[in-house]
Amino acid sequence: MQVNGVEANSPTVACIISACGHMGALDQGRWIHAFYQRSYIEMNLTVKNALIDMYAKCKCGDTEKGLESFHSLNQKDVFSWTVMISGLAMNGKSQRALQLFSQMNDVKPNEVTFLGVLSACSYGGFVKKGFYYLSTMISTYGLIPHIEHYGCIVDLLGRANLLKEAEKFIHMMPIKPDVVIWRSLLFACRNHGNIELAEISANKIEEMEPRRCGARVLLSNVYASASRWSDVKRVRNHMAARGMQKQPGFSFIEINGSIHEFFAGYNFHAEMGIIYQTLLELVELSNPKCSTYIC
């Protein structure tokens with residue numbers, strides 16, 4: 001676009017910044033922000049909302065920069081409030097997210113806003129507040145909770161190690177629980193070592209997703225944590241008999257404007273040798289006795 005001499009406008013900037021946010025390309029987003037500030041393109045509400053979303057919600061986000069953009073708005077809409085609340089929650093600043101929500105006096109929150117609020121409660125471990133906001137959503141604002149809102153409550157109870165309460169809540173939900181709900185409970189069971197509920201959750205997930213192996217992998221991890229190796233073997237044999245294969249985990253990181261992806265078990269990165277060497281040097285610095293063993 002720049003090579004062809006076409007000048008960008010506000011909608012173009014908003015789209016590019018949103019793309020950076022979705023990719024987690026924070027450095028590129030900062031560069032684009034600075035470039036278009038120098039170009040004197042109008043920073044309207046749509047552009048500023050995109051900036052808030054990028055700074056607050058992309059991985060390794062800059063919540064302070066997001067707050068700076070948020071507070072610079074003369075007029076905030078529900079999207080402005082929602083992305084800032086959700087961004088603070090995602091970055092572990094639950095108390096600040098709830099404080100910001102309490103200041104939302106002139107704009108009516110919507111269902112997505114309450115997802116951010118309930119997520120903040122979940123990340124912060126605020127069990128009573130989570131149920132309070134779920135109730136407020138219905139009684140004060142007349143909003144109907146969706147499956148995602150109930151999922152936040154299940155996640156909240158699971159993080160707080162209230163697993164029986166989470167199971168009871170699932171059975172009392174006015175909506176039929178989906179695979180995400182049961183998976184949330186299974187993750188909590190894995191983290192807290194509850195084998196009985198882990199088995200129940202895994203069976204429910206397998207009923208809904210018979211061809212996927214994620215639930216069985218988590219269940220085998222629960223068994224392994226409890227040293228129940230015969231059960232680990234049984235689950236692995238069950239997966240093999242049904243032709244289930246675990247999808248490799250992956251992660252990514254942005255360095256100098258480029259996104260680098262890493263998949264478990266795949267050594268195809270161009271700098272893999274340097275990466276391994278750096279890792280071994282870090283291990284040796286932290287514990288010299290381990291370096292020889294790892295090599």
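Which residues of H7 are buried? They are Thr113, Phe114, Gly116, Val117, Leu118, Ala120, Cys121 and Ser122, where buried means under 20% relative accessible area, exposed over 50% and partly exposed in between, with a 1.4 Å probe and protein chains only.

This is a predicted model, in which local features need pLDDT of at least 70 and side-chain atom pairs count only at pLDDT 80 or more, while totals for chains, interfaces and linings use all residues. Residues are numbered from 1 along each chain as its sequence is written, and side-chain values use heavy atoms, with hydrogens and water left out.

Helices, which are DSSP runs of H or I with at least four residues, are numbered from the N terminus. What covers the buried residues of H7 includes helix H5 (78-90), helix H6 (94-102), helix H8 (127-139) and helix H9 (147-159). At the N-terminal end of H7, Asn110 acts as a cap, with a side-chain oxygen 3.1 Å from the backbone nitrogen of Val112.

Helix H5 is mostly covered, since 10 of its 13 residues are buried, among them Trp81, Met84 and Leu88.

The table sets out the two helices, with the expected span taken as 1.5 Å times one less than the number of residues.

| Helix | Residues | End C-alpha distance | Expected span | Following glycine and phi |
|---|---|---|---|---|
| H7 | 14 residues | 20 Å | 20 Å | Gly125, positive, near 75° |
| H5 | 13 residues | 18 Å | 18 Å | Gly92, positive, near 80° |

Elsewhere, Gly24 is found in the loop between helix H1 (10-23) and helix H2 (26-38), and Gly24 counts as buried because its relative accessibility is 11%. Gly24 and Tyr55 are 31 residues apart in sequence, and their C-alpha atoms are 9.5 Å apart in space.

Key
Helices (H or I, at least four residues) and strands (E, at least two) are DSSP runs, numbered from the N terminus. Contact means heavy atoms within 4.5 Å. A polar contact is a pair of N or O atoms within 3.5 Å; within protein, one must be able to donate a hydrogen and the other to accept it, and residues adjacent in sequence count only if both atoms are side-chain atoms.
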